[in-house]
Amino acid sequence: MAKRDYYEVLGVTKSASADEIKKAYRKLAIQYHPDKNPDNPEAEDKFKEAAEAYEVLSNPEKKQRYDQFGHQGVGGAGGFGGGGMNMDDIFSQFGDIFGGGGGGGFGSFFGGGGGGRRTKKGTNLRVKMKLTLAEIANGVEKKIKVKRHLIADGVTFKSCSACQGSGQVKKVVNTMLGQMVSASTCGVCGGSGQIVDKKPADADARGLIVKEEVISINIPGGVAEGMQLSMSGKGNEIPGGIAGDLLIVIEEIEDKVLQRDGNNVIFDLYVSFVDAALGASIEVPTIEGKVKIKIEQGTQSGKMLRLKGKGIKDINGYSKGDQLIMVNVWTPTHLSKEEKEALEGLRDSDNFKPDPGNSEKSFFDKMKEFF
Ligand SMILES: [Zn+2]
């Protein structure tokens, strides 16, 4: 995609003053700020585009090169080369643009992180969780071990002397247009504004230790393969910020006899020809153990039976799916001499001749009835 002209991006003319450029950018930054446009990638792109344009046009040297050579003249300069700026760079600009101290009505966008600093968040942890059909059906409490980065007991922090606790370092440069202030993330404290003062021997330079924790999770009924559950604040901690999240990715263990179909469970039942003809009481497996079902005399192969409420809980409600039992009549493949003789004697009996007539619904009608 062709890069838009930086003046066009900010909506200013080439003769715009530094102040006009700043005002134009400020307006766009407020309009497209990610905190005001959550989960809106288009706004984020516009936000980044405006930040990149401002980064160049607010810098007299880059502006001059841009005016002369266009995008080619500033590519690779100033820490962004074609790939645009990252969010940290952009937020570090704000100390300059919005006057620091969180003033000007802009501080509220940063959730209390004054001075235009964004709240830092620790990294997320991700674990896979294998669940049986029974666990999925009704929900289950699971305990898992995770290794988290935690702020060690006894760690104390002090204000970063390199940035006086602001998280940003400002540089004043003299240019032909006057003094310009540029701000960037403090390299000593990484932008948090504080550094470790005292720490126990086992903590790293950031004051963190790795600790194995057992966390118990309530998995709701009805989860499915690939679903991701999130426990906020159970990820890695970070000095001067909030902890990341623990993400639990669901994996279904395939059941050997029961097949999941949405919230229903399907079971293929094979009955002997004799049981189908005479009727029988037969045990079938369900998610909650074995139950006895009645096979009526004269049951045809392909009949479907329904065990109401023996399926899987709906993840969004209180309802439960059913267990559907598909009856298959098993035709014997080996017969003894006596069995053969007995069956030969029945071959010509009228009762043994197929007579589906109208009383037997077709397979498709049965499907319609059940689904
Ligand atoms: Zn610092």
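Two strands count as paired when DSSP finds at least two bridges between them. The close-ups below come from a predicted model.

**View 1. Strands β13 and β17 run side by side in parallel.** Eight bridges link β13, residues 264–272, with β17, residues 323–330. To pick out one of these positions, start at Y270: its bridge partner in β17 is N328.

**View 2. Here is the open sheet, with its four strands ordered β12-β13-β17-β16.** The pairing in this sheet is mixed. At the edges lie β12 (259–261) and β16 (304–307), each of which pairs on one side only. From one strand to the next, the twist averages 35°.

**View 3. Four cysteines come together at an annotated site.** An unreviewed UniProt entry lists C160, C163, C186 and C189 under "binding site". These cysteines span 30 residues in sequence, yet no two of their C-alpha atoms are more than 9.0 Å apart, so they gather at one spot.

**View 4. Now meet C160 and C163, both set in the loop between β4 and β5.** C160 has a relative accessibility of 1% and counts as buried; C163 is buried too, at 3%. Beyond its neighbours within four places in sequence, C160 contacts residues including C186, C189 and Q194. With such neighbours again set aside, C163 is in contact with Q168, V169, C186, C189 and G193.

**View 5. E213 reaches R148 from strand β8.** The strand covers residues 208–219. The side chains of E213 and R148 make a polar contact at 2.9 Å. Not counting residues up to four places away in sequence, E213 also touches I144, K145, V146 and L150.

Conventions
Residues numbered from 1 in each chain as written. Predicted model: local features only at pLDDT ≥ 70, side-chain atom pairs only at ≥ 80, totals over all residues. Heavy atoms only, no water. Helix = DSSP H or I, 4+ residues; strand = E, 2+ residues; numbered from the N terminus. Polar contact = N/O pair within 3.5 Å; in protein donor to acceptor, adjacent residues only side chain to side chain. Contact = heavy atoms within 4.5 Å. Axes fitted to C-alpha atoms, helices over the stretch in contact; angles between N-to-C directions. UniProt positions renumbered as here; feature names shortened; annotations may be inferred. Buried < 20%, exposed > 50% of the residue type's maximum accessible area, 1.4 Å probe, protein only.
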